[in-house]
Amino acid sequence: MRLLIVEDHRELARQLSQQLSDQGHTVDVVGDAAAALAAAPRGGYDVVLLDRMLPDEDGLVVCRKLREEFGLPD
């Protein structure tokens, strides 16, 4: 499974990435909303793990933007 972790806390992101990688998943990590919105459309991700409190935008706003980008229902 291909996963995108959107987490600004570096140590938490590192731990999540390591644990998921150890389980055989392909993991990419970004630290803010802008990077998530840039990476998600081109990454072919099965799952996006999204922090709610990002430094540049609320995670719920990012989620809505990603849903719009991919044409997913609310």
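This is a short dialogue on reading the features of a predicted model.

Q: Where should I start, and what is the order of elements along the protein chain?
A: Start with the inventory, then the order. The protein chain has three helices and three strands, and from the N terminus they run β-α-β-α-β-α.

Q: How do I judge overall shape, and what radius of gyration does the protein chain have?
A: Set the value beside the one expected for a compact globule with that number of residues. For 74 residues that expectation is near 11 Å, and the protein chain has 12 Å, so the two agree. The C-alpha atoms fill a box of roughly 30 × 25 × 20 Å along the principal axes. As for burial, 28% of the 74 residues count as buried.

Q: What do contacts say about sequence separation in the protein chain?
A: Take the contacts between residues at least 6 apart in sequence, and ask what share joins residues far along the chain. Here 59% of them join residues at least 24 apart.

Q: Now the strands: which way do E1 and E2 run, parallel or antiparallel?
A: Look at the bridges and the strand directions together. Strand E1 (residues 2-6) and strand E2 (residues 26-30) are parallel and are joined by five bridges. Between them the chain passes through helix H1 (residues 10-22), giving a β-α-β crossover that is right-handed. Two pairs help you find the register: Arg2 is opposite Thr26, and Leu4 is opposite Asp28.

Q: How many bridges join E1 to strand E3?
A: Four, and E1 and E3 (residues 47-50) are parallel as well. In this pairing, Leu3 of E1 has Val47 as its bridge partner.

Q: Is E1 mostly covered or mostly open?
A: Count its buried residues. Four of the five residues of E1 are buried, so to speak of a mostly covered strand is fair. A further point to keep in mind when looking along a strand is that side chains in a regular strand alternate between the two faces of the sheet.

Q: Which residues make up the largest nonpolar core?
A: Follow the buried nonpolar side chains that join up with one another. The largest core holds 11 residues: Leu4, Val6, Val30, Ala33, Ala36, Ala39, Ala40, Tyr45, Leu54, Val62 and Leu66. E1, helix H2 (33-43) and helix H3 (59-70) each supply at least two of them, and H2 gives the most, with four.

Q: What does Ala40 touch, setting aside residues up to four places away in sequence?
A: Pick one core residue and list its partners. Ala40 touches Leu4, Tyr45, Leu66 and Phe70.

Q: Why does Asp32 count as partly exposed?
A: Check its relative accessibility against the cut-offs: buried is under 20% and exposed is over 50%. Asp32 has 27%, so Asp32 falls in between.

Q: Where is Asp32, and what surrounds it?
A: Place the residue among the elements before looking at its partners. Asp32 lies in the loop between E2 and H2. Beyond its neighbours within four places in sequence, Asp32 is in contact with Val6, Leu54, Pro55 and Asp56. The side chain of Asp32 also reaches the backbone nitrogen of Ala34 at 3.3 Å. Compare Ser21: Asp32 is 11 residues from Ser21 in sequence, and their C-alpha atoms are 21 Å apart.

Terms used:
Residues are numbered from 1 along each chain as its sequence is written. This is a predicted model: local features need pLDDT of at least 70, side-chain atom pairs count only at pLDDT 80 or more; totals for chains, interfaces and linings use all residues. Side-chain values use heavy atoms; hydrogens and water are left out. Two strands pair if DSSP finds at least two bridges between them. A crossover is right-handed if, with the strands pointing away from the viewer, the path from the first strand over the helix to the second runs clockwise. A nonpolar core is a set of buried Ala, Val, Leu, Ile, Met, Phe, Trp, Tyr and Cys residues joined through side-chain atoms within 4.5 Å. Buried means under 20% relative accessible area, exposed over 50%, partly exposed in between (1.4 Å probe, protein chains only). Contact means heavy atoms within 4.5 Å. A polar contact is a pair of N or O atoms within 3.5 Å; within protein, one must be able to donate a hydrogen and the other to accept it, and residues adjacent in sequence count only if both atoms are side-chain atoms. The radius of gyration is taken over C-alpha atoms; the globule rule is 2.2 Å times the number of residues to the power 0.38.
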